[in-house]
Structures are given as structure tokens and as C-alpha cells.
Amino acid sequence: MGFSTIAIHAGNEPDPATGAVSVPIYQTSTYAQDALGKHKGYEYARTQNPTRSALEKNIAALENAKFGFAFASGMAAIDTTLKLVKSGDHVILGDNTYGGTFRLFNRILVDYGIEFDLADTSDVANLESAFKPNTKMVFVETPTNPIMTLTDLKAVSDLAHSRGAKVVCDNTFMSPYFQRPIDLGVDIVVHSTTKYLNGHSDSVGGFVALNDEKDAEWIGFVQNGIGAILSPMDSFLVLRGTKTLAVRMDAHDRNGRVVANFLAEHPRVEKVYYPGLTSHPQHELAKRQQTGFGGMVSFETGSLDNARKVLEGVKLCTLGESLGGVESLISHPASMTHASVPEEKRDALGITDGLVRISVGIEDVEDIIADLDQALR
Ligand SMILES: Cc1ncc(COP(=O)(O)O)c(C=O)c1O
């Protein structure tokens, strides 16, 4: 079956009680039991909820995974995934992941005995030397936020597996429509559903998809144990979002390409980061590993002052954190999403004070360009 057919039908069976075509919001905390130990498969809503189960089936199918779990946020999904490693284990973390992921390792997990090292995973050779005898996991994001650096998922998976480590990929930027990490050998996919999967900037959520039964059992156990679940209302919203994922992603991709090309030609822009540009150093890998380039574009304005003028000068684009919604959002990674990354590390990565990131929405692209142009000028 094709992607859109799966997106619309997986998990979306008509409601058994009423025939409702749209999965209802089962806004309940518990379920009546017929007799002691006799129930309909639902006991307590932290453990099971039909709206959440429908979403879990849906996104697992889109990622071509056997198991899926919907979480209260992307960070809850990532934190739960990291409960697959134990005190004394070592994790290799891509050096340009979302700032909150770095903060989770750097400020929280270190106090629980999880060792980690950063590695530039854009070159598999760098990764090779980062392995230690106790390395149990490699965690990557591709393309990275906000510099749009790619990691070759197949090469990294082959190497990690030869060293007995699992690979986790944060697939938030591409969504399963443009990139399916499990098909490339990755063990576990994580998402912030807050972004493209929901797509309408009206829900915070996260997701874990995987094939290994034992790991899935543990993820489900931890999810229930710590209670990091997605609510019925949010599950409904994300389930509604994924039905249009394909058409939205095609529109983001179309607009993203036009905006990236416009910025690349603009006299006030020093550099553009977008894997769809032929000038991007990993353009060939992007074409091979992804089926589109998406709507995330970053660009260098040269200084904080210039960046401020653009960020405060836009009228259509909204200044704000987050990405992946239908509306264009513009942000300043150094002071917003990546403020928790130390300054010297930001500088080394290219997350300068002059860097601006735009999540290109699906408005008419001429309007987005006109807005950016007037702000740049
Ligand atoms: C790539 C990526 N992963 C994870 C997260 C965290 O997700 P959430 O904000 O839903 O907790 C974000 C948030 O911006 C993100 O951009």
C-alpha cells in the first residue's frame, strides 16, 4: 500500500461501538470491568487508551515499524528511549542534535551514570574512533537542527551493529514521508510529533517506533511506569494530522526549495543551509537517503544585528520556537532552540549569532518570499 493510503487507514478503523469514521477522543481515565479480572482490554488510561492506540498503530505503520508508542512530548520519547541504556553504558551523540537532547544528556543523564561523547556523525570515520568498549547506543538526528548536516544512516547502522550498539534516529525534520530510518538499518526512530506529524502547531507530543520485541516491551513498560503518555485529545489531533502528512510535506518541500534558492541569490544573505541545494556538501547523500528535502532552511545574515532586523522585520512569518506547522515560523537558534548549547560549541557548529532558521510553511510561496525580502532589505 502507498504512503497516503497507510496514513489515512492504518489505525483508523471505524469505531467498533458506533461506526464513527473518525477515531473518537476517548476522554476517560478508567474503564468499567464486567467482573473481577474480566474487561475489554482496557483497565486504566495511563496504560491503554483507544485513541492513543490508534495513533500508535498509525505512526508505527508509517515508519514501517512493528511497534509504536506515543508520548507527552518529543523529549519524553527521547528520555524513555534512553532508558534502554543503563548506568555505566556509553552513548555516542551526534554533535548537532536539538539543544534539548544535548541538555538531557549533559545536565540530567550524566547524574545517572550514563556516559556520553559527542561525535560529528556526518563522517562515519569520526564515529569509528568514538566507540568505547561500553558503547551501547549511537543517537543521531539527520538532517541536524539547524545546520542541516546529514548522517549516512545505513553506514552508521552497519558500523554500530558491528560494534554491538543500537542506533536511534530522531526523524522529526524529515518525517516518515521523506525518510524511513528503519528501512536503512536504524533500530529505533524517535519523533517530536509537535512538528510535521501533527503539523498544525496545536499539540505537543512525541513518538518511538521500533521493531525489536524485547526493546518494545521495555519502552512500553517504562512509558506506563513513568506515565509519559500522550493525552487522548492530543492523540486525536496527531492522528488527524498524519492523514494529510503527504500533501503537507509535498507543499513544505516545494516551498522550501523555492525559499532556499531565493535566499541563496539574495545579496544580504551570506550562506544558506539546505540539503536540496546542489551547493550543499551532502546533496548527493540527501538525494539517496531522503525522498525530499523538506521545509527547514537556515541562513547566515552576518551579525546579531542583521539577524534581529530580519527576525523583527518579518510580518507574515511568525517569530517563534518550533517548526513543522502549516504557517511559516522564523527563529534565532543561538538564543532560542540552542541556548542550552555552550557558546564555543555553537560557534564550532556554525550556530552563530547571525544565523536565522525558517520553518517554511505552506502559504503561497510568493508571499513568504516577499516577506523575507522586505525584512532582509
Ligand atoms: C529535532 C527535534 N527533536 C526533538 C525535539 C523535542 O520535542 P518536544 O518539544 O516535542 O519535546 C525537538 C523540539 O524542537 C526537535 O526539534
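For what follows, Ala, Val, Leu, Ile, Met, Phe, Trp, Tyr, Cys and Pro count as nonpolar, Asp, Glu, Lys and Arg as charged, and the others, Gly among them, as polar. With those classes, the shell around the ligand comprises 4 nonpolar, 8 polar and 2 charged residues. I should state at the outset that this is a predicted model.

Let me begin with the ligand. It is surrounded by 14 residues, and the closest are Ser 73, Gly 74, Met 75, Tyr 98 and Ser 192.

I take Ser 73 from that list. Ser 73 sits in the loop between strand S1, residues 67-71, and H3. Is Ser 73 buried or exposed? Ser 73 is partly exposed, because 19 other C-beta atoms lie within 10 Å, and a buried residue would need 20 or more. Leaving aside residues up to four places away in sequence, Ser 73 touches Thr 194, Val 204, Gly 205 and Gly 206. Ser 73 and Ser 192 are 119 residues apart along the chain, yet their C-alpha atoms are separated by 6.4 Å. Both Ser 73 and Ser 192 are among the closest residues to the ligand.

Next comes helix H3, which is mostly covered, with 8 of its 8 residues buried. Those residues are Gly 74, Met 75, Ala 76, Ala 77, Ile 78, Asp 79, Thr 80 and Thr 81. Gly 74 and Met 75 have already appeared among the closest residues to the ligand. What do the buried residues of H3 pack against? Their partners are S1, H4, strand S5 (166-170), strand S6 (188-192), strand S7 (206-210) and helix H8 (213-226).

Two of these partners deserve a further word. In H4, which covers residues 99-108, the buried positions are Gly 99, Thr 101, Phe 102, Leu 104 and Phe 105. The cover over them includes helix H3, strand S2 (90-94) and strand S3 (115-119). In helix H8 we find Trp 218. Trp 218 is partly exposed, because it has 16 other C-beta atoms within 10 Å. From Trp 218 to Leu 355 the C-alpha separation is 40 Å, with their positions 137 residues apart in sequence.

I turn to a pair of helices. The axes of H2, residues 50-62, and H9, residues 232-243, come within 8 Å and cross at roughly 35 degrees. This crossing of H2 and H9 is left-handed. On the H2 side the contact is made by Thr 51, Arg 52, Ala 54, Leu 55, Asn 58, Ile 59 and Leu 62, and on the H9 side by Pro 232, Ser 235, Phe 236, Val 238, Leu 239 and Thr 242. By class, the contact of H2 with H9 contains 8 nonpolar, 4 polar and 1 charged residues. As background, an α-helix has 3.6 residues a turn, so residues three or four places apart point the same way.

Helix H10, residues 245-265, allows a check on geometry. At 1.5 Å a residue its 21 residues should span 30 Å, and the end C-alpha atoms are 30 Å apart, so the two values agree. The buried residues of H10 include Leu 245, Met 249, His 252, Asp 253, Arg 257 and Leu 263.

Now to the backbone in the loop between strand S4 (135-141) and helix H6 (153-162), where Pro 143 is found. Thr 142 and Pro 143 are joined by a cis peptide bond, with omega about -5 degrees. Pro 146 lies in the loop between S4 and H6 as well, and the peptide bond from Asn 145 to Pro 146 is cis, with omega near 5 degrees. Met 148, in the loop between S4 and H6, has phi near 60 degrees, a positive value in a residue other than glycine. Met 148 counts as buried because it has 27 C-beta neighbours inside 10 Å.

A positive phi is also found at Ser 322, near 85 degrees. Ser 322 is placed in the loop between strand S10 (318-319) and strand S11 (329-331). With 16 C-beta neighbours inside 10 Å, Ser 322 therefore counts as partly exposed.

I finish with Leu 304, which lies in helix H12, residues 304-313. Leu 304 counts as partly exposed because it has 15 C-beta neighbours inside 10 Å. Which residues does Leu 304 touch, not counting residues up to four places away in sequence? They are Asp 353 and Gly 354. Leu 304 and Leu 355 are 51 residues apart in sequence and 8.0 Å apart in space, C-alpha to C-alpha.

Terms used: Residues numbered from 1 in each chain as written. Predicted model: local features only at pLDDT ≥ 70, side-chain atom pairs only at ≥ 80, totals over all residues. Near = placed C-beta within 6 Å. Helix = DSSP H or I, 4+ residues; strand = E, 2+ residues; numbered from the N terminus. Expected span 1.5 Å × (residues − 1). Buried ≥ 20, exposed ≤ 12 C-beta atoms within 10 Å, placed from the backbone. Axes fitted to C-alpha atoms, helices over the stretch in contact; angles between N-to-C directions. Left-handed = near helix turned anticlockwise from the far one by under 90°. Contact = placed C-beta atoms within 7 Å.
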